Amino acid sequence: MSAKSRKLDFRTTLIILLILIIIVAVLWVITNPPPEEEEIYSVERVFLTNQNFINGKTITVEGIFYLDGNRGALIPPTTDQEPDPKYILHIDNNTLEPLNKYHIKGELQIEPSEDPINPVGDYILYTQKIDPI
């Protein structure tokens, strides 16, 4: 009878150990959720999003670098060698390769305009990180 009680004790120990491993695994998964993926905005979406929601926020924008006069800007992707973009998001950097695609992370500032008909001025992205695509 002694041998049988040792066998039950060993089986009971294994069951308790298995339950503890499951509890630790569940706690680890709950306390360490997967990292959130950063949302990437298109140039069009920046202009179509509510200004109060996006102004002053740090965002990542995908677009093609474009020289607007002597100012750097992001425009929607195009295959046109001489684009005439509807949406132009100015950036504080004009040293990138024109017509190449980038992810640019930075703080978006919407400058007010002195025009009473259109009180919204330039959209400027103050760059923090530039990733070529």
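**Note on strand pairing and a nonpolar surface patch**

1. In this predicted model, strand E1 (residues 40-42) pairs with strand E2 (residues 58-68) in the parallel sense, over three bridges. Within this pairing, Tyr41 has Val61 of E2 as its bridge partner.

2. Strand E2 also pairs with strand E5 (residues 101-112), here in the antiparallel sense and over seven bridges. In this register, Ile59 stands opposite Gly106 of E5.

3. A further antiparallel pairing joins E2 to strand E3 (residues 71-75), over five bridges. Ile64 stands opposite Ile75 of E3. E2 and E3 form a hairpin with two residues between the strands, and Gly69 takes a positive phi near 75° there. Strand E2 thus appears in each of the pairings described: parallel with E1, antiparallel with E5 and antiparallel with E3.

4. Outside the strands, attention may be given to helix H1, which spans residues 2-31 and contains Ile16. Ile16 is one of the residues that make a nonpolar surface patch of about 550 Å². The other contributors to this patch are Ile15, Ile19, Leu20, Ile23 and Leu27.

5. Is Ile16 buried, exposed or partly exposed? Its relative accessible area is 48%, so Ile16 is classed as partly exposed. A patch residue needs over 30% relative accessible area, and the 48% of Ile16 is therefore sufficient on that criterion.

Key:
Residues numbered from 1 in each chain as written. Predicted model: local features only at pLDDT ≥ 70, side-chain atom pairs only at ≥ 80, totals over all residues. Heavy atoms only, no water. Patch = residues over 30% accessible without salt bridge, like charges linked within 9 Å, V, L, I, M, F, W, Y side chains within 5 Å. Areas by Shrake-Rupley, 256 points an atom, 1.4 Å probe, with all protein chains shown as cover. Salt bridge = Lys/Arg side-chain N within 4 Å of Asp/Glu carboxyl O. Helix = DSSP H or I, 4+ residues; strand = E, 2+ residues; numbered from the N terminus. Buried < 20%, exposed > 50% of the residue type's maximum accessible area, 1.4 Å probe, protein only. Pairing = 2+ DSSP bridges.
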